[in-house]
Amino acid sequence: MISPFRNQIEIAWCPGCGNFNLLTALSEALAELGLKPSQVVLVSGIGQAAKAPHYVQANVFNGLHGRSIPVAFGIQSVNPDLTVIAESGDGCMYGEGGNHLIHAIRRNPNITVIVHNNQVYGLTKGQASPTSEVGFVSKTQPLGTVSESFHPLALAVSQGASFVARGFTGDKKELKSIFKQAIQWKGFSLVDVLQPCVTFNRTNTFGWYKSRVYSLPEEYDPEDQVGAFKKSLEWGDKIPTGVIYRHAKPVFLDQVFEKLGRKEFLIPTNNYQVIFEDEKRRFE
C-alpha cells in the first residue's frame, strides 16, 4: 500500500539502511490506524534516525540532540487530541537524552517513543553508542570500547514503564504491529527497534540479528513484570522481539486534571479561541 503519510522528499540514507523498513512500517501503521497527517506530530532530535520525520507527511518538530522527549511531552500536554511520537537514534535517546527518558517513564505522558537502535553513532561517523557491546571497535575506540552496554528495555521494565517493546527492521510485519499497539496504548510507550547500520557497524549486521532474533510466543505474559525483566535482559544468542511488558497506569495529564478539578486544560477551536473555564481569550 502507498501510505498517505509518505511524501516525495528524496531520502538521504545509505542504500540498505534499516531505516527504510522502519519508515515504511511506521507510515503504514499510522494509515492503518485511520489517522490523518494533521492529527500526528513527529518530534526528533539529531542524527540519521532523526531524519525520518522529514520523509513523513505530518506535523514535524526537529529539535536539539537528545531533547525530543520533553518537546513531545509538551506538545501532547497542551493538545491531548494529537498523536505524538518522539523518535531518534540510540545515541540521541539513550545517550544525550537518557535523563529525559528516565523521567518520562516516571511521569507517564501519553506519547510513543521510537528508538532506531543500530548500536553505533551513524551520523557522526561511527563512534560507539550507549548500546554498543564491549569490545566494539570504532574510529574513536580503536582498541574496542570498555564500557558496558546500556540495556534500555531492562531500565524501562524495572521502572514500571507503561508499555515496553522491541522490534526488528528485518520483520516489517511484526514491527508494524508493534507500532500500532504502542501508538494506541494510553500512556508512555517505548519501542526499541533493532535497525542495522550497513556503513559503520559491520558487527551487528542484518545477518547477525536475523540469526538471533525470535518473536515472543503467544503464551508469553507481558503483564508479569518479573518475567518481563528477565526477558528484557536476554541478549546474545537469542534476542526476543514483541511486547516485552505492559500495564495500565494513570496518565500524567489525567492526574493533573484531577488535581485541578477539571476535565480539560485548554480547548483549541476553529477560530483560534482558547477557553479557560469561564474566561475567553482571543489570539489574532
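This briefing describes the sheet, the helices packed on it, and selected residues of one structure. The model is predicted. Its eight strands form an open sheet of mixed pairing, and a search of the whole structure finds zero disulfides. A UniProt record, in an unreviewed entry, places the feature "domain: Thiamine pyrophosphate enzyme TPP-binding" at residues 50–193.

**Sheet order and edges**

- The strands follow one another across the sheet in the order β2-β1-β3-β4-β6-β5-β8-β7.
- The edges are occupied by β2 (59–62) and β7 (213–215); each has a single partner strand, so one side of each is left without a neighbour in the sheet.
- From one strand to the next, the twist averages 25°.
- At one edge, β7 runs parallel to β8 (residues 239–246), and three bridges join the two strands. Within this part of the sheet, Y214 stands opposite P240 in β8.

**Strand β4 and its partners**

- Six of the six residues of β4 are buried, so the strand is largely enclosed by the rest of the structure.
- In a regular strand, side chains alternate between the two faces of the sheet. For β4, T112, I114 and H116 lie on one side and V113, V115 and N117 on the other, and all of these residues are buried, so that both faces are covered.
- On the β3 side, five bridges join β3 to β4 in a parallel arrangement; E87 has I114 in β4 as its bridge partner.
- On the β6 side, β4 and β6 also run parallel and are joined by six bridges; V113 has L190 in β6 as its bridge partner.

**Strand β5 and its pairing with β6**

- Burial extends to β5: six of its six residues are buried, so this strand is largely enclosed by the rest of the structure.
- F163, A165 and G167 point one way from β5, while V164, R166 and F168 point the other way, and all are buried.
- The pairing of β5 with β6 is parallel and comprises six bridges. F168 has L194 in β6 as its bridge partner.

**Helices on the sheet**

- Helix α1 (residues 19–32) packs on the sheet and touches β1 (40–44), β3 (83–89), β4 (112–117) and β6 (189–194). The direction of α1 makes about 160° with that of β4.
- Helix α8 (residues 225–232) lies across β5 (163–168), β7 and β8. Relative to β8, α8 runs at about 150°.

**Packing of α2 and α4**

- Two packed helices are described by the angle between their axes and the distance between the axes. For α2 (residues 68–78) and α4 (residues 98–107), the angle is about 30° and the axes are 9 Å apart.
- Because angles under 35 degrees count as roughly parallel, α2 is classed as roughly parallel to α4.
- The contact involves I69, P70 and F73 in α2, which meet H100, L101, A104 and R107 in α4.
- G98 lies in helix α4 and counts as buried, at 14% relative accessibility. Between the C-alpha atoms of G98 and A161 the distance is 14 Å, with 63 residues separating the two in sequence.

**The annotated segment**

- Over residues 50–193, the chain is 33% helix and 19% strand.
- The end C-alpha atoms of residues 50–193 are 14 Å apart.

**The loop residue E223**

- E223 lies in the loop between β7 and α8, and its relative accessibility of 52% makes it count as exposed.
- Neighbours within four places in sequence aside, E223 is in contact with Y245 and R246.
- The C-alpha atoms of E223 and I244 are separated by 8.5 Å, although the two residues are 21 residues apart along the chain.

**Cysteines**

- No disulfides are found in the whole structure. C17 is in no disulfide, and the nearest cysteine sulfur, that of C14, is 6.5 Å away. C17 counts as buried, at 12% relative accessibility.
- C92 is likewise in no disulfide; the nearest cysteine sulfur, that of C197, is 15 Å away. With a relative accessibility of 2%, C92 counts as buried.

Notes
Residues are numbered from 1 along each chain as its sequence is written. This is a predicted model: local features need pLDDT of at least 70, side-chain atom pairs count only at pLDDT 80 or more; totals for chains, interfaces and linings use all residues. Side-chain values use heavy atoms; hydrogens and water are left out. A disulfide is a pair of cysteine sulfur atoms within 2.5 Å. Buried means under 20% relative accessible area, exposed over 50%, partly exposed in between (1.4 Å probe, protein chains only). Two strands pair if DSSP finds at least two bridges between them. Helices (H or I, at least four residues) and strands (E, at least two) are DSSP runs, numbered from the N terminus. Axes are lines fitted to C-alpha atoms, for helices over the stretch in contact, and angles run from 0 to 180 degrees between N-to-C directions. Contact means heavy atoms within 4.5 Å. UniProt positions are given in the numbering used here, feature names are shortened, and annotations may be inferred rather than shown by experiment. Angles under 35 degrees count as roughly parallel, over 145 as roughly antiparallel, 65 to 115 as roughly perpendicular and the rest as oblique.
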